[in-house]
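Please study the sequence and the three-dimensional model below before you begin, and keep both in view while you work through the exercises.

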Amino acid sequence: MFFTPNGPIVVGGDLSELKLTDSTGQPIDVSGEKMIYLCRCGGSTTKPFCDGTHDEIGFKAAEAAVRDQG
């Protein structure tokens with residue numbers, strides 16, 4: 001798994017054991033896939049998968065996690 005700059009999360013390898021669900025809790029079968037691209041901009045119309053909307057909306061990802069100061 002890795003994050004593309006200002007784009008999706010890329011998950012690859014043997015996905016047969018990956019448990020992925022849609023927003024209603026229904027399972028999504030990705031067992032036949034070798035690589036999937038997951039949306040992290042929130043704008044995709046094919047969530048949880050990336051549809052390229054991040055380019056259209058100018059999504060800028062945080063480059064590093066920020067420690068909570070609270």
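The exercises that follow deal with a sheet, a core, a serine, two cysteines and two backbone details.

This is a predicted model, in which local features need pLDDT of at least 70 and side-chain atom pairs count only at pLDDT 80 or more, while totals for chains, interfaces and linings use all residues. Residues are numbered from 1 along each chain as its sequence is written, and side-chain values use heavy atoms, with hydrogens and water left out.

**Exercise 1.** Work out the order in which the three strands form the open sheet, and state whether the pairing is parallel or antiparallel.

Solution. Begin with the terms: helices (H or I, at least four residues) and strands (E, at least two) are DSSP runs numbered from the N terminus, and two strands pair if DSSP finds at least two bridges between them. Strands of a sheet pair through backbone hydrogen bonds, either parallel or antiparallel. Here the order is β1-β2-β5, and the pairing is antiparallel. The edges are β1 (2–3) and β5, each of which pairs on one side only. Next, look at β2 (residues 9–12), which is joined to β5 by four bridges; across this pair I9 stands opposite L38, and G12 stands opposite M35.

**Exercise 2.** Find which residues make up the largest nonpolar core, and which face of β5 is covered.

Solution. A nonpolar core is a set of buried Ala, Val, Leu, Ile, Met, Phe, Trp, Tyr and Cys residues joined through side-chain atoms within 4.5 Å, where buried means under 20% relative accessible area, exposed over 50%, and partly exposed in between, with a 1.4 Å probe and protein chains only. The largest such core has eight residues, namely I9, V11, L15, L20, I28, V30, I36 and L38, and the elements that give two or more residues to it are β2 and β5. On β5, I36 and L38 form the covered face, whereas M35 and Y37 form the uncovered one. In soluble globular proteins, nonpolar side chains tend to be buried together.

**Exercise 3.** Describe where S44 lies and what its side chain reaches.

Solution. First, S44 is placed in the loop between β5 (35–38) and α1 (53–57), and with a relative accessible area of 4% S44 is buried. Then consider polar contacts, which are pairs of N or O atoms within 3.5 Å; within protein, one atom must be able to donate a hydrogen and the other to accept it, and residues adjacent in sequence count only if both atoms are side-chain atoms. A polar atom of the S44 side chain lies 2.6 Å from the backbone oxygen of F49, and the side chain of S44 also reaches the backbone nitrogen of D51 at 3.5 Å.

**Exercise 4.** Explain why C39 forms no disulfide with C41.

Solution. A disulfide is counted when a pair of cysteine sulfur atoms lies within 2.5 Å. The closest cysteine sulfur to that of C39 is in C41, and because it is 3.9 Å away, it is too far for a bond. The structure holds zero disulfides.

**Exercise 5.** Identify what is notable about the peptide bond from K47 to P48 and about phi of N6.

Solution. Most residues other than glycine have a negative phi, and most peptide bonds are trans. The bond from K47 to P48 is cis, with omega near 10°, and P48 is placed in the loop between β5 and α1. Phi of N6 is positive, near 55°; N6 is found in the loop between β1 and β2, and at 24% relative accessibility N6 counts as partly exposed.
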